[in-house]
Amino acid sequence: MAETATLILPDGSRLDLPVVVGTEGERAIDISHLRSETGYVALDDAYGNTGSCLSAITYIDGERGVLRYRGYPIELVAQKSTFIETAQLIIWGELPTTEQRMRFSELLTENSSMPEEFRSHFAGFPAHSHPMSILSAMINALQSYDLPGLIIDDHEEFERVAASLISKVRTIAAAAYKSSRSEPIIYPRYDLAYTDNFLHMMKSKPYKEYVPTKAATRALDLFLILHADHEQNCSTSTVRMVASGQANLYASAAAGVCALWGRLHGGANQAVVEMLSEIRASGLTVTEYIARVKDRSAGIRLMGFGHRVYRNFDPRAQILKRAVDDLLDELHVTDPRLDIARELEAAALSDDYFTSRRLYPNVDFYSGIILTALGIPLDMFTVLFAIGRMPGWIANWAEVHSGPRGYATGPSRIYRPRQVYVGATEREWTLQSQRTVDVVTDR
Ligand code: CMC
């Protein structure tokens, strides 16, 4: 017999609610009929305890520090795969065959250039615009040139559009960087692999080709792999929300870029390095800085620490931490901020404020350090996160439109949460001459 949970309401009435069990044994109480049957809604501020969908893409066990893409542990994917193979795994659910890899690789190459007339849009942004602002606008604009409808049922067209987006996000990101520096945009090369091609477009000059070291390419590819998906995080939930209204893939992905930008989410990698620079410039010791964070009155958080889901360790952070050490040795990089980062990490990990709240370094703590060592400009950090997260957004967009792989659920209903209203109750209209409260500024 199917498992149920029984809810006893304040009036003593009872309601049996179905229990849904995931493939990893996760249990959820299905409250989708709660309101229609009782008039109650569930209240879960910031969705901390809400499963918003069934998904077959990524599994996280935050207590045990487990992260798997389509069943494959992140440690294995990081060791064995490339970003592009990982993208195919995440979007289509299986490791690609040689033929599938070659076809996708060709599609990436064919779709790597931006339409020529598209380039003029970059000139419309003032110099020093943040590349995230350019990236989100340009991804949205791409729809006008690539024109897919709801392409989910046409497998070939979906593959082409997925490849186009994964390939072009990299071209646009590099162009966004160049235009934010008033430098000429560099075209993609057809002989370079994905990550090298990005570095070429971002770092080459018309008169000088940039040639990355193998260690740099591998470190950046690893960064992209580790960011490729992370179940229902803020930006992915945003993509799903937009997709559920049946918006096209470009509009949904552009919304994902906007959601990612914030400092508590993808913007944290930039915020980590800004924090390290600030500590250095202020002359504060690490102990003094930690004391300011703990004091709370200054409203400072230790950026790159804490995670809604991981309560012991973030497995991506552990992989990146090892990569940081190798990379710094290999590149012979020295940067006083890297020493501050190490000191900060050691201090926080032995401080009761952080350990009692189960706040550990997250992926952004080390990714900020790695990107600094690679010489990536600060305002490009979150852009790189967006390039990495694109496969996850595409896979989640597709899941909204056709249901999780292996589940005959079909397309999702439109996402539309409820609320508990706490504003004014019905009141009389006040004539302008009798108004005393400034409704605009009085909050
Ligand atoms: N520094 C100091 N205190 C913190 C921090 C931090 N980084 N993070 C959480 N806390 C405290 C918080 O003040 C609260 O204390 P108390 O219970 O005494 O009021 C407690 O820990 C729980 O925090 P919360 O805000 O309820 O936790 P959350 O799950 O809502 O937030 C988080 C998760 C990641 C937004 C938060 O830990 C944070 O702001 N971290 C810094 C920003 C950051 O590194 N973000 C990247 C996250 S990982 C990648 C990604 O999602 O993009």
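Buried means under 20% relative accessible area, exposed means over 50%, and partly exposed lies in between (1.4 Å probe, protein chains only). This is a predicted model: local features need pLDDT of at least 70, side-chain atom pairs count only at pLDDT 80 or more, and totals for chains, interfaces and linings use all residues. Residues are numbered from 1 along each chain as its sequence is written, and side-chain values use heavy atoms, with hydrogens and water left out. The protein chain has 18 helices and six strands. Helices (H or I, at least four residues) and strands (E, at least two) are DSSP runs, numbered from the N terminus.

**Overall build**

- The radius of gyration of the protein chain is 24 Å, which agrees with the value near 22 Å for a compact globule of 443 residues. That radius is taken over C-alpha atoms, and the globule rule is 2.2 Å times the number of residues to the power 0.38.
- The C-alpha trace of the protein chain spans about 75 × 60 × 60 Å along its principal axes.
- Of the 443 residues, 48% count as buried.
- The protein chain exposes about 23000 Å², and carbon and sulfur atoms supply 52% of that area. Accessible areas come from the Shrake-Rupley method with a 1.4 Å probe; for residues, only the protein chains shown count as cover.
- Among contacts with a separation of 6 or more, 72% join residues 24 or more positions apart. Contact means heavy atoms within 4.5 Å.

**Helices H3 and H13**

- Helix H3 (residues 83–92) is mostly covered, with nine of its 10 residues buried.
- The buried residues of H3 are Phe83, Ile84, Glu85, Thr86, Ala87, Gln88, Leu89, Ile90 and Ile91.
- Glycine 93, just after H3, takes a positive phi of about 90°.
- Helix H13 (residues 286–295) has Val286, Tyr289, Ile290 and Val293 buried. Seen down the axis of H13, these buried residues fall within an arc of 100°, so they line one face of the helix. The arc is that of the directions from the helix axis to the C-beta atoms.
- The buried residues of H13 pack against three helices: H12 (268–282), H15 (336–349) and H16 (352–356).
- Arginine 296, just after H13, takes a positive phi of about 70°.

**Salt bridges**

- Side chains of opposite charge can pair when their charged atoms come close. The structure holds 23 salt bridges. Each is a side-chain nitrogen of Lys or Arg within 4 Å of a carboxyl oxygen of Asp or Glu.
- Arginine 27 and glutamate 3 meet in a salt bridge through their side chains (2.7 Å, N to O). Arginine 27 lies in strand S3 (residues 27–29) and glutamate 3 in the segment before strand S1 (4–8), so the pair ties together parts 24 residues apart in sequence. Arginine 27 is exposed at 54% relative accessible area, while glutamate 3 is partly exposed at 37%.
- Glutamate 24 and arginine 68 also meet in a salt bridge (2.5 Å, N to O). This pair links distant parts of the chain, 44 residues apart: glutamate 24 is in the loop between strand S2 (14–21) and S3, and arginine 68 is in strand S5 (residues 66–69). Glutamate 24 is partly exposed at 40% relative accessible area, whereas arginine 68 counts as buried at 18%.
- Arginine 337 and aspartate 335 form a salt bridge (2.9 Å, N to O). Arginine 337 is partly exposed at 22% relative accessible area, and aspartate 335 counts as buried at 15%.
- Asp146, Glu157 and Arg160 are linked in a network of salt bridges.

**The loop between H1 and S4**

- Leucine 43 is found in the loop between helix H1 (34–38) and strand S4 (58–61). Leucine 43 is exposed, with a relative accessible area of 67%.
- Leu43 forms a nonpolar surface patch with Val41, Val420 and Val422, and together they have about 400 Å² of accessible area. Patches are made of residues with over 30% relative accessible area and no salt bridge: like charges are joined within 9 Å, nonpolar side chains (Val, Leu, Ile, Met, Phe, Trp, Tyr) within 5 Å.
- Leucine 54 is also found in the loop between H1 and S4. Leucine 54 is partly exposed at 41% relative accessible area.
- Leaving aside neighbours within four places in sequence, leucine 54 is in contact with Val20, Arg240, Glu399, Pro404, Tyr407 and Thr409.
- Leucine 54 and serine 367 are 313 residues apart in sequence and 30 Å apart in space, C-alpha to C-alpha.
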